[in-house]
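Me: I would like to learn how to read a protein model step by step, beginning with one helix and then moving outward. Could you take me through it?

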Amino acid sequence: MSRFDVAVIGGGMVGASVAVGFAKQGRKVVVVEGTAPEKFSPEQPMDIRVSAISQHSVDILSELGAWHATSQMRVCPYRRLETWEHPECRTRFHSDELGMERLGFIVENRLIQLGLWAQFTHYSNISLRCPDTLSDIEFGEVSKVTLSSGEELLVDLVVGADGANSKVRDLAGIGVTAWDYRQHCMLINVKTEIEQQDITWQQFTPSGPRSFLPLCGNQGSLVWYDSPKRIRQLCAMTPAQLREEVLTYFPAELGDIEVLQYGSFPLTRRHAQRYSALGCVLVGDSAHTINPLAGQGVNLGFKDVEALLAATQNHEVLTQSLLEQYERNRRYDNLLMQSGMDFFYKGFSNDFAPLKLLRNAALKVAENAGPLKTQVLKYALGLK
Ligand SMILES: Cc1cc2nc3c(=O)[nH]c(=O)nc-3n(C[C@H](O)[C@H](O)[C@H](O)COP(=O)(O)OP(=O)(O)OC[C@H]3O[C@@H](n4cnc5c(N)ncnc54)[C@H](O)[C@@H]3O)c2cc1C
């Protein structure tokens, strides 16, 4: 039976980061992942799953040695961010306000993952089991992890990086607090008549926000939040029909488009009641999922990784108290971001006239709020 210091279950963006970080600390790590990411080639169409990555996340990925490989594939910097409901009441942010070259990047999730997986080959102390999945864990001083292939691993620490429906979390008996937004969101990759853009924008409407994220070349990712019924109806349309709907319901800023591909996702908010138990610890979406409204999900996951690595650095034995220190560091920040997103989402997703007036006034005030506006932007970008 193979013996490891750490078994990371899930080799997505967050799990792969933890694995590289623990390997850098000199620990013997095994990563278990069900599906290998497809290799990159420049002629591939853009993936539907993309993330807005903050500069802070880029710094974390750089520290892990992974950003260079990702940036050599396909990344789209963005410098401006704009949000509004009534077109006359807009809040605008620009990277110049922070003296930064950019606010962040829009990157396909798979390319972040591939940048991290490229690091696996640089560490002789990382082993990969892929394709394979977690089957069971017998928790103890040393835990026995059984994989679907039948292989058994002995490990000191199990890291649950297996996403929103985490099996590690279930096996450890960690409950979740969950909310169902009764909304779905649709991601639509489009070709735009407007050339390469450096702005991401979002318009609030009573049925849900409509967002634009720039992609490389004259492409973009649209996010359409609406009722599950409406999203199902949109998903059943042909690209030509969907284009008509988008042109009708998205703001004029978008210009003309060609629909390339689309898919939909339910919106859920979950928060694990504990981040660690029985010699396992949760990071990323296995610990918390958030409304994707402001593109914070994986950025919070990378901050988890940073905090877990900081708590365990210089400690040979990975004790429960170190894991609790990690949780103390992260729980409040994750909860604050979840609640902040909900406040915006609920506050804007209705047609109640007085509230409508108030929120548009708030956006107008925010536009002129000077240092406060800069602080909000800094917080959203994960900057101190
Ligand atoms: C529509 C939408 C838009 C979003 N936009 C943004 C954005 O702009 N910015 C942002 O920061 N975040 C965004 N997010 C959130 C972001 O996608 C997630 O936070 C991020 O993917 C979480 O990464 P993760 O590695 O924790 O989990 P996941 O990406 O879910 O990865 C989990 C991995 O574990 C593997 N796995 C699962 N179970 C097992 C098992 N039993 N055994 C082995 N392997 C297993 C899976 O195959 C997968 O590779 C968005 C989310 C959605 C739904």
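Reply: Let us start with helix H1, bearing in mind that this is a predicted model. H1 is mostly covered, since eleven of its twelve residues are buried, and the buried ones run from Met13, Val14, Gly15, Ala16, Ser17 and Val18 to Ala19, Val20, Gly21, Phe22 and Ala23.

Me: What span does H1 reach from its first C-alpha to its last, and what span is expected at 1.5 Å a residue?

Reply: Helix H1, residues 13–24, reaches 17 Å from its first C-alpha to its last, which is close to the expected 16 Å. Just after H1 comes glycine 26, whose phi is positive at about 90°.

Me: Which residues of helix H4 are buried, and why can H4 be called largely enclosed?

Reply: Helix H4 covers residues 109–120 and, with its twelve residues, reaches 17 Å between its first and last C-alpha, close to the 16 Å expected at 1.5 Å a residue. Because eleven of its twelve residues are buried, H4 is largely enclosed by the rest of the structure; among the buried ones are Arg110, Leu111, Trp117 and Phe120.

Me: How many helices and strands does the chain have, and what share of its residues counts as buried?

Reply: The chain holds eleven helices and 19 strands, and of its 384 residues 53% count as buried. Its accessible surface comes to about 16800 Å², with 54% of that belonging to carbon and sulfur atoms.

Me: How should I read contacts between residues that are apart in sequence?

Reply: Take the contacts that join residues at least 6 apart in sequence, and ask what share of them joins residues at least 24 apart; in this chain that share is 73%. For a single pair, consider tyrosine 78 and leucine 215, which are 137 residues apart in sequence and 9.2 Å apart in space, C-alpha to C-alpha. Tyrosine 78 lies in strand S4, residues 75–78, and with a relative accessible area of 6% it falls under the 20% cut-off, so it is buried.

Me: Which residues other than glycine have a positive phi, and are they buried or exposed?

Reply: Two cases are leucine 278, with a positive phi of about 50°, and asparagine 314, with a positive phi of about 70°. Leucine 278 sits in the loop between strand S17 (276–277) and strand S18 (280–282), and at 49% relative accessibility it counts as partly exposed. Asparagine 314 lies in the loop between helix H8 (297–312) and H9, and its relative accessible area of 74% is over the 50% cut-off, so it is exposed.

Me: Where is the cis peptide bond that ends at proline 131?

Reply: The bond runs from cysteine 130 to proline 131 and has an omega near 0°. Proline 131 is found in the loop between strand S8 (126–129) and strand S9 (134–138).

Me: How do I find a pocket, and what lines the second largest pocket here?

Reply: Rolling a probe the size of a water molecule over the atoms shows where empty space is left. In this structure, the second largest pocket holds about 370 Å³ of space. It is lined by 16 residues, of which Glu141, Asp156, Val317, Leu318 and Thr319 are the closest to its centre. Strand S11 (152–160) and helix H9 (320–348) each supply at least two residues of this lining, and by class the lining has five nonpolar, six polar and five charged residues.

Definitions and conventions. Residues are numbered from 1 along each chain as its sequence is written. This is a predicted model: local features need pLDDT of at least 70, side-chain atom pairs count only at pLDDT 80 or more; totals for chains, interfaces and linings use all residues. Side-chain values use heavy atoms; hydrogens and water are left out. On a 1 Å grid over the protein atoms alone, a cavity is a set of points where a 1.4 Å probe fits but cannot get out, and a pocket is an open set with protein on both sides within 12 Å along at least five of seven lines; lining residues have an atom within 4 Å of a point. Grid points are joined across faces, edges and corners, and a volume is the space filled by probe spheres set on the points. Helices (H or I, at least four residues) and strands (E, at least two) are DSSP runs, numbered from the N terminus. Ala, Val, Leu, Ile, Met, Phe, Trp, Tyr, Cys and Pro count as nonpolar, Asp, Glu, Lys and Arg as charged, and the others, Gly among them, as polar. The expected span of a helix is 1.5 Å times one less than its number of residues. Buried means under 20% relative accessible area, exposed over 50%, partly exposed in between (1.4 Å probe, protein chains only). Contact means heavy atoms within 4.5 Å. Accessible areas come from the Shrake-Rupley method with a 1.4 Å probe; for residues, only the protein chains shown count as cover.
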